[in-house]
Amino acid sequence: NEVDLDAILAFAINLAQDAGKMIRDGQAKRFASEAASEDAKLNSVDLVTEVDKAVQEFIEKAISEAYPEHKFIGEETYAGEKITDAPTWIIDPIDGTTNFIHGFPMVCTSIGLAHKGVPVVGVIYNPFMDQLYSAAKGRGAYLNQTQKLPLTGKAKPLLSLGHALIGVEYGSNRLSPGLPSKVRTFQTLAADVKEGGKMAHSLRSLGSAAINIAVVASGGLDMYWEIGCWPWDVTAGICILHEAGGAVFGSKTSSLSGDVDADLIAGRKYLLMRGMAPAEGETALQTQQR
Ligand code: IPD
């Protein structure tokens, strides 16, 4: 069966653990990579290391041997492939590359499988913290295969912004007009909500979109907000978040308004957005691709 989710989940967990070993073993290379400025893509903040490439090659080869009929989209070789209805592996060999280079331990491999445009398997493994988040559609989400997510028990009751711990990221693109929008939103969330509104408990920035989403799924963050994620940053995370009872939203605008509670959270507590609303019938993953 081309989409035997249990078999695919077990395969993806093994793959992520093997990739994690490569990442740990590759630690020594990270400082050398940092100096190799010709390896910087987009700008100097978005660094590609030799380890990223080696881990992606390893994962892509293993998938093509085990599931030759499946499609593959990986961060390191992305050439504009669209997500179709076909089973498609969408992977980021190292999410949190900047953390990896600096030795900040929020680093993971993110392995997702989308079928009919919907994430159906997700594995996020942080080899430095030895934390493995995994889920398959209809089977729940787990930390280290044994602890059911969210770790806080059942999903927390819906909270207002005033009770929320929120993950945000600057992202790798700091160009205008994106940056001012992001900064406006951080201010809106942290200190500038309209009169009568509440400011968030606090903001956190972990430096890996996949880990931010996994932590929302486990209950440590109430919400994650970012503009500019790519499908490989979010496919595995969306599956894990959904299985943990979370939700993913887009937005009509690229920055949050002062009326965050009313306009956007709209009674729900998780928000993962790329600055635009899903079109009619569009999955969150397809929205990420526009
Ligand atoms: C990036 C990280 C970062 C997020 C960016 C991502 P990379 O992925 O997840 O936290 O802000 O949007 O592209 O480059 O480390 O794989």
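These notebook entries record what I looked up in a predicted model.

**Entry 1. The sheet**

I began with the strand order. The sheet is open, has 7 strands with mixed pairing, and runs in the order β1-β2-β3-β4-β5-β6-β7. I noted β1 and β7 (147-148) as the edge strands, since each pairs on one side only. As general background, strands of a sheet pair through backbone hydrogen bonds, either parallel or antiparallel.

I then went through the pairings from β1 onward. Strand β1 (residues 71-74) and β2 run parallel and are joined by 4 bridges. Within that pairing, Ile 73 stands opposite Ile 90 in β2. On β2 and strand β3 (residues 108-115), I recorded 6 bridges in the antiparallel sense. Ile 90 appears here again, standing opposite Gly 112 in β3. I also checked the cover of strand β2 (residues 88-95), and 8 of its 8 residues are buried.

**Entry 2. The hairpins around β4**

Which way do β3 and β4 run relative to one another, parallel or antiparallel? They run antiparallel, and 7 bridges join β3 to strand β4 (residues 118-126). I listed two facing pairs: Thr 109 is opposite Tyr 125 in β4, and Ile 111 is opposite Val 123 in β4. The two strands form a hairpin with 2 residues between them.

On its other side I looked at strand β5 (residues 131-136), which pairs with β4 in the antiparallel sense over 6 bridges. Val 123 has Ser 134 as its bridge partner in β5. The hairpin of β4 and β5 has 4 residues between the strands, and Asp 130 in this hairpin takes a positive phi near 50°. As for cover, 8 of the 9 residues of β4 are buried.

**Entry 3. Cys 108**

I located Cys 108 in strand β3. Is Cys 108 buried or exposed? I set it down as buried, because 33 other C-beta atoms lie within 10 Å and the cut-off for burial is 20 or more. I also looked up its separation from Ser 208: the two residues are 100 residues apart along the chain, yet their C-alpha atoms are separated by 7.7 Å.

**Entry 4. Backbone exceptions**

I next searched for unusual backbone angles, given that most residues other than glycine have a negative phi, and most peptide bonds are trans.

Lys 116 has a positive phi near 55° and is not a glycine. It is found in the loop between β3 and β4. With 13 other C-beta atoms within 10 Å, Lys 116 is partly exposed.

Gln 145 also has a positive phi, near 65°. Its place is the loop between β6 (141-143) and β7. I entered Gln 145 as exposed, because it has 11 C-beta neighbours inside 10 Å and the limit for that class is 12 or fewer.

Which residues does a cis peptide bond join? I found Leu 149 and Pro 150, with omega about 0°. Pro 150 lies in the loop between β7 and β8 (165-168).

**Entry 5. Helix α7**

I turned to helix α7 (residues 231-243), which has 13 residues. From its first C-alpha to its last it reaches 18 Å, close to the 18 Å expected at 1.5 Å a residue. I nevertheless recorded a kink of about 30° in α7, centred on Gly 237. Why is α7 described as largely enclosed by the rest of the structure? The reason is burial, because 13 of its 13 residues are buried. Just after α7, I noted that Gly 245 takes a positive phi of about 95°.

**Entry 6. The ligand shell**

Finally, I looked at the surroundings of the ligand. How many residues surround the ligand? I recorded 17, the closest being Asp 95, Thr 97, Glu 169, Gly 171 and Ala 209. By class, the shell has 3 nonpolar, 7 polar and 7 charged residues. Domain 1 (5-148) and domain 2 (161-289) each contribute at least three residues to the shell around the ligand.

Key: Residues numbered from 1 in each chain as written. Predicted model: local features only at pLDDT ≥ 70, side-chain atom pairs only at ≥ 80, totals over all residues. Expected span 1.5 Å × (residues − 1). Bend = angle between axes of the 7 residues up to and from the residue. Near = placed C-beta within 6 Å. Nonpolar A, V, L, I, M, F, W, Y, C, P; charged D, E, K, R; others polar. Domains from an automatic or database assignment. Pairing = 2+ DSSP bridges.
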